[in-house]
There are 2 protein chains.
Amino acid sequence: MNDVVRALTDALGEGSVLTGEAVAQRATSYWDAAPTRALAIVRPRDTAELAEAMAICHRFDQPVCTQGGKTGCAAGAASTEREVIISLERMNRIEAIDTIGATATVQAGVTLQALQEAAREHELLFALDLGARGSCTIGGNVATNAGGINVLRYGMMRNLVLGLEAVLADGTVLSSMNEMLKNNAGYDLKQLMIGTEGTLGIVTRVVVRLAPLPTSCNAAMVACADFDRVTTLLQRAQRDLGGTLSAFEVMWNNYYTAATEPGGHRPPMPREHPFYVLLQAEGGDPGADATRFERLLEQTLDSGLIEDAVIPQSETERRALWEVRENFEAMLAGRKTFLYDVSLPIRCMADYADEVAQRIHARWPQGRAIMFGHIADGNLHLFVQPESPDADHDASDEAVYGPLKAIGGSVSAEHGIGVEKRGWLGWSRNETELALMRTLKHALDPRNLLNPGRVIEL
Amino acid sequence: MNDVVRALTDALGEGSVLTGEAVAQRATSYWDAAPTRALAIVRPRDTAELAEAMAICHRFDQPVCTQGGKTGCAAGAASTEREVIISLERMNRIEAIDTIGATATVQAGVTLQALQEAAREHELLFALDLGARGSCTIGGNVATNAGGINVLRYGMMRNLVLGLEAVLADGTVLSSMNEMLKNNAGYDLKQLMIGTEGTLGIVTRVVVRLAPLPTSCNAAMVACADFDRVTTLLQRAQRDLGGTLSAFEVMWNNYYTAATEPGGHRPPMPREHPFYVLLQAEGGDPGADATRFERLLEQTLDSGLIEDAVIPQSETERRALWEVRENFEAMLAGRKTFLYDVSLPIRCMADYADEVAQRIHARWPQGRAIMFGHIADGNLHLFVQPESPDADHDASDEAVYGPLKAIGGSVSAEHGIGVEKRGWLGWSRNETELALMRTLKHALDPRNLLNPGRVIEL
């Protein structure tokens, strides 16, 4: 046992510091079953213990890797054998729910789903939602500024965080547990911890904003003849549904046909339409909300804005529509696939999609770029399937990221940079921005102890 | 003419640099008619000129004071005779409105109202709104993270800014003109410029988010017997109005009676109720929105949650209700008044209001603390009128700010710190927070050239 691990064990107790086989028997992440590599896993029970652990690491110049639910898509929480892991797994307490102020105060290790359920018990909604809800943690959601399927209506995690507490690189506790929607007393320091992927501090506790629980939910899948009609439909839905539109998920024809191939999902409507949109609205007035939603569909059908519409007649049918959009495992099975999460101005999206498809086709004549995404957020996901033994990841990245630079797009809409996208950060950020990121990192973590090598190269 | 002013004039031309009488003939701010004191007023026409001016100031170690509309409430834009003013007055161009992405790109010197009107021409809403709309600028709104009357629904300015460009202390241009709702490519550097009151950079251009223009507006003034009923009404309105509630303004009895004294506003309802609430909802479905709004009022009247309700029957009547809330000049005329803008958890608000009233009364038996505010945001405004020749501002501050510390309240909800509240910043922020603010200031502006002395003491 080396000196720093001994010091950590002396300070926190043996049960709080795992080493050897107890480390190796854990998987690296949700995406990587390889054994975890690390000097030790420290599992503090509260902020004071975590601060003490970080002060020790600081004294020994020991780099740390912070772990929440390990579901991140950019390998930011994959540790190296030279790092000590700080795991938030035992800091998973929901401390308070304030029904008057509509806030919740939680430790960072609480899972997203646990918070959603606790809020629901008080007839309140914690609006962040994404596929990893059962495993991902609120601290990780803060660190990665998580997005997901409700961003259009409620914003990203940044917009839901009112206050937070974090441990800085030297073990200092930064407590900014603000509970109010408005607080302009000096710099808003929590912004330093949101979306910086644990490189400037370790989030330990969070105050989040809750919303009233919707009492109505209306959904439909519709088909559009071209992308212009898709964006016009989005504008109409936003205006006519009066702030209740909560999801607007677009599938290109190649996504829809792949998802509904024989053996896959039953197609809710014919497979020849160029675009499919799954839209959903949630409100507080069940009768009027349903009337308004159906009126929108009727009017857009009559005017030719949409070609076809399927309205689910039960919760089971509504779930089946969502399955087409969310469950794409069969599409990936047995095929080499590169996954992407980009954002770009909506007005550029149709041309961008065409250009990427052409680039992929030029490189791999049998290949395809399957497209879908949260279009209202400017967020497109792509599955590039080269269908070729010459399946070079870099060439695929070039095809997908190349056209983004000229149109101000981003190589990461919601997944963050972590380690995997670090080499591409310069395609979305200019030299001045990168220099300023380094200035911040140097100012807050001059010894480069917090998640070193993630996000930016120093 | 001193060296720095000569260098600025040589670089930008005489028309761009005002000195002497041309400086003194301008008022210090909207609130202070005294002549402006400054070495010069620099009026760049674009970002390149502003960057050049800042590079010159940096070379001469010359402090600058940035001015937008000069309507700020904390004297942040009041210059000293040792500063050069950078005025954004000639950078007032609306560059683009993207109706598909629902964004606007503007120079920082555009007034809030000009942007609101430009958006409206495209049937879009720029949702920030506050009394100074005709004079305040978008750059100032960003620098102070402006709040106002729509925060409940649309968030503060921070939530409306997608991208920005700023000139740093050494004249470097930081361009982060993101247009997407989602962009997690590294640190979100615009957060450094939002709400930092020009102390870390000078905002030159901004991309903001627009919303669909509402097509319905329903308002009412209601009366409640106690504060518990006020907060229960807020919860009911948020739930039942399905996301359309846009304003929830509360007036304590002493505000309402003062506003409706003989010679003031005509009282819309009797003056004996403990609390009055002006609530407003804006949606996209005029018929159903009105029905739902009226149903809420009927149900809450029936259940005793509200005592009385007035629904305006015309736009003129609706404006008259808002006048009671917004036009309080008569209440202040001829009376020594100290103004406050605090925020605190809503659950603490009734007790806090009582305690402040008692403290004021104990200090000045004839005095009063008039209260009203954006309650849903945790934001309370107070007018303290000592009605005494012994009208000590510090004693009043003590009475208002004193009880905030224990309940996690803020000495500034939306007005910022500027110069005037700097001495009280420590009541809302702890030593670790203040130290981290200084770390940021040192990292981005080591020579302390940008709005020196504002927000934090170094």
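# A guided tour of chain A, its domains and the contact with chain B

Begin with chain A, which is divided into domain 1 (3-87), domain 2 (94-212), domain 3 (216-325) and domain 4 (334-432); these bounds come from an automatic or database domain assignment. The model is predicted, so local features need pLDDT of at least 70 and side-chain atom pairs count only at pLDDT 80 or more, while totals for chains, interfaces and linings use all residues. Residues are numbered from 1 along each chain as its sequence is written, chains are lettered from A and ligands numbered from 1 in the order in which they are written, and side-chain values use heavy atoms, with hydrogens and water left out.

**Stop 1: chain A as a whole**

Display chain A as a cartoon: it has 16 helices and 20 strands. Helices (H or I, at least four residues) and strands (E, at least two) are DSSP runs, numbered from the N terminus. The C-alpha trace of chain A spans about 70 × 60 × 45 Å along its principal axes. Its radius of gyration is 23 Å, which agrees with the value near 23 Å for a compact globule of 458 residues; the radius is taken over C-alpha atoms, and the globule rule is 2.2 Å times the number of residues to the power 0.38.

**Stop 2: domains 1 and 2 of chain A**

Select domain 1 and domain 2 of chain A, whose C-alpha centres lie 22 Å apart. Their contact (heavy atoms within 4.5 Å) takes 14 residues from domain 1 of chain A and 15 residues from domain 2 of chain A. Between them the two domains of chain A bury about 1100 Å², 70% of it on carbon and sulfur atoms. Buried area here is the accessible area (1.4 Å probe) that two parts lose on being put together, summed over both.

Next, show A:Thr47, A:Met54 and A:Thr71 as sticks; in domain 1 of chain A these lose the most area to domain 2 of chain A, together 39% of what that side buries. Across this interface of domain 1 and domain 2 of chain A there is one residue pair in polar contact (both at pLDDT 80 or more). A polar contact is a pair of N or O atoms within 3.5 Å; within protein, one must be able to donate a hydrogen and the other to accept it, and residues adjacent in sequence count only if both atoms are side-chain atoms. On the domain 1 side, α3 (47-59) and β5 (64-67) of chain A each supply at least two residues, and α3(A) gives the largest share, six residues.

**Stop 3: chain A against chain B**

Now show both chains. The contact takes 89 residues from chain A and 88 residues from chain B, and the buried area is about 6900 Å², of which carbon and sulfur atoms give 57%. In chain A, select A:Lys182, A:Asn184 and A:Tyr187, which lose the most area to chain B, together 15% of what that side buries.

Between chain A and chain B, 42 residue pairs are in polar contact (both at pLDDT 80 or more). On the side of chain A that touches chain B, the largest share, nine residues, comes from α16(A).

**Stop 4: salt bridges between the chains**

A salt bridge is a side-chain nitrogen of Lys or Arg within 4 Å of a carboxyl oxygen of Asp or Glu. The whole structure holds 64 salt bridges over all chains, and 16 are found across the interface of chain A and chain B. Select B:Arg347 and A:Asp98, whose side chains meet in a salt bridge (2.6 Å, N to O). Move on to B:Glu414 and A:Lys182, another such pair (2.8 Å, N to O). This pair runs from the loop between α14 (393-401) and α15 (425-428) of chain B to the loop between β11 and β12 (202-209) of chain A.

**Stop 5: B:Phe328**

Finally, centre the view on B:Phe328, in the loop between α11 (315-326) and α12 (329-332) of chain B. Leaving aside residues up to four places away in sequence, B:Phe328 touches B:Tyr255, B:Phe372 and B:Phe383. B:Phe328 and B:Tyr255 are 73 residues apart in sequence and 9.1 Å apart in space, C-alpha to C-alpha.
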